[in-house]
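Reader: Hey, could you walk me through this one before I set anything up? I'd like to jump around a bit.

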Amino acid sequence: MHTRLTLSFFILATAAGASLASCSNRKTDCNADLVSSCDSIPQPVKSVVRAIAGNDSTAFSELVSYPLARPYPLHDIAGPEEMRSYFHILADDSLRNIITTATPADWSDLGWRGWTVDDGSYVWIDEKLYDIPYISSKEQELLDSLVAAETGSLAPELRPGWTPVLCLKAESGNRVMRIDENINTDSAPLYRLAVYESPSAMRSMPALLLTGYKTVEGSAGVTTYSFASPDGTKAVYQADIMDDSAPAVIFISPSGSDSTVAVGSAYWLSLLPPCK
């Protein structure tokens, strides 16, 4: 009798241990299931978690609000087809681990900003996934390569200590502009605006070079760049237009007269003419 009880206990303990080990080994699936079955978690979050847990690029591509911004000079992801190709670069093991091991308690509802996990540095989801602040290791390699290529195409005087922020192309005419950030954080100015009259001049010194600063205002984080040149010319660019008006750079001459140049986002390397 004692032997039978001991054997029964051993079988039960072994089964329980195997079950716990299985859940431990499949922690991502266990926690993804917890999120999927949690009534307080909205369906868009559950869908994103399941798509990432299942490594399902097709399902994931249908859950994103496009275009999905990536850090310049990486290209934004325009639509589902591009996302399906880019998914395995974007959703690497580190992001997958964060998303699929998060419990329902790790997800937070931050009002109009939607839902996020942990500290908000990974994903933001409202009706769809609309922002991924996270940069994967493969993306970082691509980013570093593009930054080096873009910086190397500038006039030598403009290269040291600066990194690209964005590129703008005038909606009318050939004017190209770029904003760079000073990577020497203890130095001033922090930002500069270079203005080129046409793409053919992009490897030379710009026609106008202004320096300045960036401000971020309000809960929506509206970003404004303000610049000035030694001759007294000023320029203002507001990156986030809240009233659906076209983005523009406003130039103010020393005499006080304004000129407004409507602009659109562009990629420097796409506009850059080949070396002669």
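**Loops, pocket and a lysine**

Author: Sure, let's start with a loop: Asp 118 sits between β2 (115-117) and β3 (124-125). Keep in mind that this is a predicted model.

Reader: OK, what's the phi of Asp 118?

Author: Phi is near 55 degrees there, so Asp 118 has a positive value without being a glycine.

Reader: And how exposed is Asp 118?

Author: Asp 118 is partly exposed, at a relative accessible area of 43%.

Reader: Where else does a non-glycine have a positive phi?

Author: Asn 55 has one, about 55 degrees. Asn 55 belongs to the loop between α3 and α4, and with a relative accessible area of 35% it is partly exposed.

Reader: Switching to omegas. Which peptide bonds are cis?

Author: Two to look at. The bond from Tyr 66 to Pro 67 is cis, with omega near -5 degrees. Tyr 72 and Pro 73 are also joined by a cis peptide bond, and omega is about 10 degrees there.

Reader: Where does Pro 67 sit?

Author: Pro 67 is in the loop between α4 (57-61) and α5 (80-90). Pro 73 is in the loop between α4 and α5 too.

Reader: Back up a sec, what's the overall makeup of the chain?

Author: There are 8 helices and 12 strands. The chain has 276 residues, of which 38% count as buried.

Reader: How much surface does the chain expose?

Author: About 15000 Å², with carbon and sulfur atoms supplying 55% of that.

Reader: And what share of the contacts is long-range in sequence?

Author: Taking contacts between residues at least 6 apart in sequence, 44% join residues at least 24 apart.

Reader: Pockets next. How much space is in the largest pocket?

Author: The largest pocket holds about 1100 Å³. It is lined by 32 residues, and the closest to its centre are Ala 69, Arg 70, Asp 76, Ala 239 and Asp 240.

Reader: Which elements give two or more residues to that lining?

Author: Those are β4 (129-131), β5 (162-170), β9 (222-228) and β12 (258-266). The largest share, 4 residues, comes from β5.

Reader: Let's stay on β5 then. Is Leu 166 buried or exposed?

Author: Leu 166, which lies in strand β5, counts as buried because its relative accessibility is 15%, and the cut-off for buried is under 20%.

Reader: What does Leu 166 touch?

Author: Leaving out neighbours within four places in sequence, Leu 166 is in contact with Tyr 72, Met 177, Arg 178, Ile 179, Tyr 225 and Tyr 237. Tyr 72 came up earlier, as the residue joined to Pro 73 by a cis peptide bond.

Reader: And how far is the C-alpha of Leu 166 from that of Ala 266?

Author: Those two C-alpha atoms are separated by 7.8 Å, while the residues are 100 apart along the chain.

Reader: Last topic, charges. What's up with Lys 46?

Author: Lys 46 is buried yet has no salt bridge. Asp 39 is the nearest side chain of opposite charge, 5.1 Å away, and a salt bridge needs the atoms within 4 Å, so that pair doesn't count.

Reader: Where is Lys 46, and which residues does Lys 46 touch?

Author: Lys 46 lies in helix α3, residues 43-53. Not counting residues up to four places away in sequence, Lys 46 touches Val 35, Ser 36, Cys 38 and Ile 41.

Notes
Residues numbered from 1 in each chain as written. Predicted model: local features only at pLDDT ≥ 70, side-chain atom pairs only at ≥ 80, totals over all residues. Heavy atoms only, no water. Buried < 20%, exposed > 50% of the residue type's maximum accessible area, 1.4 Å probe, protein only. Lys, Arg positive; Asp, Glu negative; His and termini not counted. Contact = heavy atoms within 4.5 Å. Areas by Shrake-Rupley, 256 points an atom, 1.4 Å probe, with all protein chains shown as cover. 1 Å grid on protein atoms, 1.4 Å probe; cavity = no way out; pocket = protein on both sides within 12 Å on 5 of 7 lines; lining within 4 Å. Points joined across faces, edges and corners; volume = space filled by probe spheres on them.
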